[in-house]
Amino acid sequence: MKKFLLSVLLSSPLWVLGQGFQVNLQGQKQIGMAGAGSALALDEASVFFNPGAVSFLEKNSISAGVNPLLFKSAFQQSGSNITENVKNKIAPPFEAYVVWGPKSNKWKLGLGVYTPFGGLVDWGNDWSGKYALTSLNLKAIYFQPTLSVKITDRIGIGAGFVYNHGDVNLQRALPVNFPDGRSGHATLAGTGSGYGWNAGIYVNTLSNITFAVVHKSKVNTKLNDGTATFDVPQSLKTSFPDGNTFNAELPLPSTTTLGIGVPLSKSTTLAFDASWVQWRVYKELAFDYAINTSALADTKSARNYRDGSSFKLGVNHKASEKLALRAGVGYAFSPVQDGYVTPEAPDADRYILSAGIGYAPTSRFEVNASFFFEDVKSRKQKNIETGLDGTFKTLVYAPGLSLTYKW
């Protein structure tokens, strides 16, 4: 039993980069439209949403924004009437973009730095699922230099190289006790990196209806020399060696998006995005530990994910020369099958609602704000590996703000 629980413990740290930890907060204008916008040449965030649209941006620009994200999740164990909640923690997903090109506007260079995966959750040290998780702090930061070329007056193509820097700290209780009754504790920490690409096509038809096809590649993220630290009674130190290291590899999934932009009037545009996320790459995760003991063997942990998808509809209305208003709705299908839901990412199908506003006090400066809300459906689960049995309910709130300078 000790060997089984420890193998489950150490099979999780990189897995949580995926699943419900995909963060759809890469541009304030698009966030205000529920994340739609691949078929719109709205702003410098097109570096992420569609590199092919970047060459259609009229001005050079630099922008930076942040979305303080509050993850509110509750759990009720089967057979209990007690509801347990995560502690209030605010994660800071951010995005920064630079776009530059000649006045001829035939091509542009771009650079994006953004956080497409991440999470911050703290269930506390004494909740009913403490042997599955007590806390998690996760960041995946993508760096994307990009080239976009306008091959005709109505067609643009673009592509960017992606480098990912990942950082994770995962903690949970161990099923061993000190003389004073407190549980042992494990901390898993490490950094990793991976590489991929992001490419897109942007088409503006004669009727000014725009189309987009975008593919973000799988990014194989490798964690080398991650550290596992154990706080256990002295008599168990040999079974839980401090400073042990491990290597692992996680393929962050590819995403294909089809988008359309429809001008309803001179001041109002409708955007729709349909995305297919290839989560099926998660069949299993394998971990190789530098030091093996009778309680700590190399592990292979089944995941058996299916592909996920999302549909997002947004509207952008230019109320005046300086003021823009936005709103959006969406729905996302969870890739996590029954038996694999965990407190790291209590995932389920979810509804998306959003709103946004933009204000340009001058021709060079612009301020954009957004509010993003996700209602994750309640999901009753018994995890296959940990045995944690109960119902999760999650809400996500993310206000956002960005500043832009154009020239």
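This section describes the confidence, nonpolar cores, aromatic pairs and charged contacts of a predicted model.

The chain of this predicted model has an average pLDDT of 88, and 91% of the residues score at least 70. Confidence is not uniform along the chain, however, since over residues 1–19 the pLDDT stays under 50. For this segment the model nevertheless has 74 contacts beyond four places in sequence, and these are to be read together with the pLDDT under 50 that accompanies them.

Turning to the interior, the largest nonpolar core has 38 residues, and those with the most contacts inside it are Leu 25, Leu 69, Val 121, Trp 123, Leu 136, Leu 174 and Phe 230. At least two residues of this core are supplied by each of strand S2 (69–77), strand S7 (135–150), S8, S9, S11 and S21, and among these S8 gives the most, with four residues. A second core, separate from the first, comprises 19 residues and includes Val 54, Tyr 142, Val 219 and Leu 250. As a general background to such groupings, nonpolar side chains tend to be buried together in soluble globular proteins.

One buried residue may be considered in more detail. Ile 31 is found in helix H2, which spans residues 28–31, and its relative accessible area is 0%, so that Ile 31 is classed as buried. When its neighbours within four places in sequence are left aside, Ile 31 is in contact with Asn 24, Leu 25 and Gln 26, and also with Asn 67, Ser 354, Ser 370 and Phe 372. Leu 25, listed among these contacts, is also one of the residues with the most contacts inside the largest nonpolar core. Between Ile 31 and Ala 64, which are 33 residues apart in sequence, the C-alpha to C-alpha separation is 14 Å.

Aromatic side chains were examined next, and the structure holds 21 aromatic pairs. One of them is formed by Tyr 114 and Tyr 142, whose rings are tilted, with 5.8 Å centre to centre and 50 degrees between the planes. Because Tyr 114 lies in strand S6 (residues 107–122) and Tyr 142 in strand S7, this pair ties together parts that are 28 residues apart in sequence. Tyr 114 is buried at 2% relative accessibility, and Tyr 142 is likewise buried, at 8%. Another pair, that of Phe 230 and Phe 240, is edge-to-face, with 5.6 Å centre to centre and 65 degrees between the planes. This pair links distant parts of the chain, Phe 230 being in strand S11 and Phe 240 in the loop between S11 and strand S12 (244–252), ten residues apart. Phe 230 has a relative accessibility of 2% and therefore counts as buried, and Phe 240 is buried with a relative accessible area of 2%. Beyond individual pairs, Phe 48, Phe 49, Tyr 97, Tyr 114, Phe 117 and Tyr 142 form one aromatic cluster. Tyr 142 thus belongs to this cluster and is included in the second nonpolar core.

Charged side chains make two kinds of contact considered here, the first of them being salt bridges, of which the count is twelve. Asp 231 forms a salt bridge with Arg 182, with the closest N and O atoms 3.3 Å apart. The two residues of this bridge are 49 residues apart, Asp 231 being in strand S11 (residues 219–231) and Arg 182 in the loop between strand S8 (155–177) and strand S9 (183–204). Asp 231 is partly exposed, with a relative accessible area of 35%, and Arg 182 is also partly exposed, at 40% relative accessibility. A further salt bridge joins Glu 366 and Lys 406, whose closest N and O atoms are 3.5 Å apart. Here too distant parts of the chain are linked, with Glu 366 in strand S20 (residues 365–382) and Lys 406 in strand S21 (residues 389–406), 40 residues apart. Glu 366 counts as buried, at 13% relative accessibility, and together with Lys 29 and Lys 406 it is part of a network of salt bridges. In the salt bridge between Lys 380 and Asp 389, the N to O distance is 3.6 Å; Lys 380 is exposed, at 55% relative accessibility, whereas Asp 389 is partly exposed, at 23%.

The second kind of contact places a charge over an aromatic ring. The charged end of Arg 182 sits over the ring of Phe 178, at 3.7 Å from its centre, and Arg 182 also takes part in the salt bridge with Asp 231. Lys 150 lies over the face of Phe 56, 4.6 Å from the ring centre.

Definitions and conventions. Residues are numbered from 1 along each chain as its sequence is written. This is a predicted model: local features need pLDDT of at least 70, side-chain atom pairs count only at pLDDT 80 or more; totals for chains, interfaces and linings use all residues. Side-chain values use heavy atoms; hydrogens and water are left out. A salt bridge is a side-chain nitrogen of Lys or Arg within 4 Å of a carboxyl oxygen of Asp or Glu. Buried means under 20% relative accessible area, exposed over 50%, partly exposed in between (1.4 Å probe, protein chains only). Contact means heavy atoms within 4.5 Å. pLDDT is the predictor's confidence in each residue, from 0 to 100. A nonpolar core is a set of buried Ala, Val, Leu, Ile, Met, Phe, Trp, Tyr and Cys residues joined through side-chain atoms within 4.5 Å. Rings of Phe, Tyr and Trp (its six-membered ring) pair if their centres lie within 6.5 Å; planes under 30 degrees apart count as stacked, over 60 as edge-to-face and the rest as tilted. A charge sits over a ring if NZ of Lys or CZ of Arg is within 6 Å of the ring centre and within 35 degrees of the ring normal.
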